[in-house]
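Please open the model in your viewer and keep the selection tool ready, since the tour moves from one selection to the next.

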Amino acid sequence: MSTQIDAKPKSRPRVLAKRVSKAVKWNNAVGGADEQYQLKKQAVIAAASRAFGRHGYKNVSLDEIAKTLNVTKPALYYYFKNKQELVYECHELAMQLGDRVLQDAIASQSTGYARISAFMKNYISLLTDEMGAPAILHDLSVMSAADQKKITLRRRKFDLELRKVLEGGVQDGSIAPCNVKLAVFWFMGAINSLSHWLHIDGNLRGDEVADIFIGFLAHGIRPHQA
């Protein structure tokens, strides 16, 4: 079976045309009432996510999030009952981004390796650029038990979808035979650890980290054989 590695993803999926930060500016939301509600809700989630990523959940208040958006604290209660609910929505947004990027990669790429590469490239970029690689995504404890269960089930389902893509890559020859379960644990573990060390105002951008990770995925760390 061939283990030939495809080139870099051909193009960034169309999902990135709707980047969160481009679409959720509080003061210039357009469209109908429902669309404006959703856009402004996403603006709160994105602002909260970045604040949690910078300062930690316990050190960020709703007042500070409201100030970031230049709105009043009561305005936030129109979208969220409390900070605990807002944390759940941060997790939910991350899952929605992952679902959208993965489905777009599946639709736009023809091999398992190209699909995983496109997914990694664009998911890392979204998590870092739009959500600030929030450390809050590692902590389920601040959510209610019911919300923890919902997110845990979402993650399990997403994990299975990634395994299917890798299995398809093994079948089409673009990925070497491997333990797909451990492979998903490996690269998703690397992605999920970004919040521990990647600073959004640091030297590396999210897309640069994604390219490095994809290089590791394709070639490992051993020198190329002549």
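A nonpolar patch, as the term is used here, joins Val, Leu, Ile, Met, Phe, Trp and Tyr side chains within 5 Å, taken from residues that have over 30% relative accessible area and no salt bridge. The model is a predicted one, and the tour begins on its surface.

Select Trp186, Trp197, Leu204, Ile212, Phe216 and Ile221, which together make a nonpolar surface patch of about 650 Å². Within that selection, pick out phenylalanine 216, which lies in helix 10; its relative accessibility is 39%, and because partly exposed covers values between 20% and 50%, this residue counts as partly exposed.

Next, turn to the interior and select Ile65, Phe119, Phe187 and Ile191, the residues that touch the most other members of the largest nonpolar core, which has 63 residues. Helices that each supply at least two residues of this core include helix 2 (33-55), helix 3 (62-69) and helix 10 (206-219), while the largest share, 11 residues, comes from helix 5. Centre the view on phenylalanine 187: leaving aside residues up to four places away in sequence, it touches Ile116, Phe119, Met120, Leu162 and Leu166.

Now select helix 7, residues 145-172, whose 28 residues should span 40 Å at 1.5 Å a residue, in agreement with the 41 Å between its end C-alpha atoms. Its buried residues include Asp147, Asp159 and Arg163 as well as Phe158, Leu162 and Leu166, and among the elements covering the buried residues of helix 7 are helix 5 (83-108), helix 6 (112-129) and helix 8 (180-192). Finally, step just past helix 7 to glycine 173, which takes a positive phi of about 85 degrees.

How values were computed: Residues numbered from 1 in each chain as written. Predicted model: local features only at pLDDT ≥ 70, side-chain atom pairs only at ≥ 80, totals over all residues. Heavy atoms only, no water. Helix = DSSP H or I, 4+ residues; strand = E, 2+ residues; numbered from the N terminus. Expected span 1.5 Å × (residues − 1). Buried < 20%, exposed > 50% of the residue type's maximum accessible area, 1.4 Å probe, protein only. Contact = heavy atoms within 4.5 Å. Core = buried A, V, L, I, M, F, W, Y, C linked by side-chain atoms within 4.5 Å. Patch = residues over 30% accessible without salt bridge, like charges linked within 9 Å, V, L, I, M, F, W, Y side chains within 5 Å. Areas by Shrake-Rupley, 256 points an atom, 1.4 Å probe, with all protein chains shown as cover. Salt bridge = Lys/Arg side-chain N within 4 Å of Asp/Glu carboxyl O.
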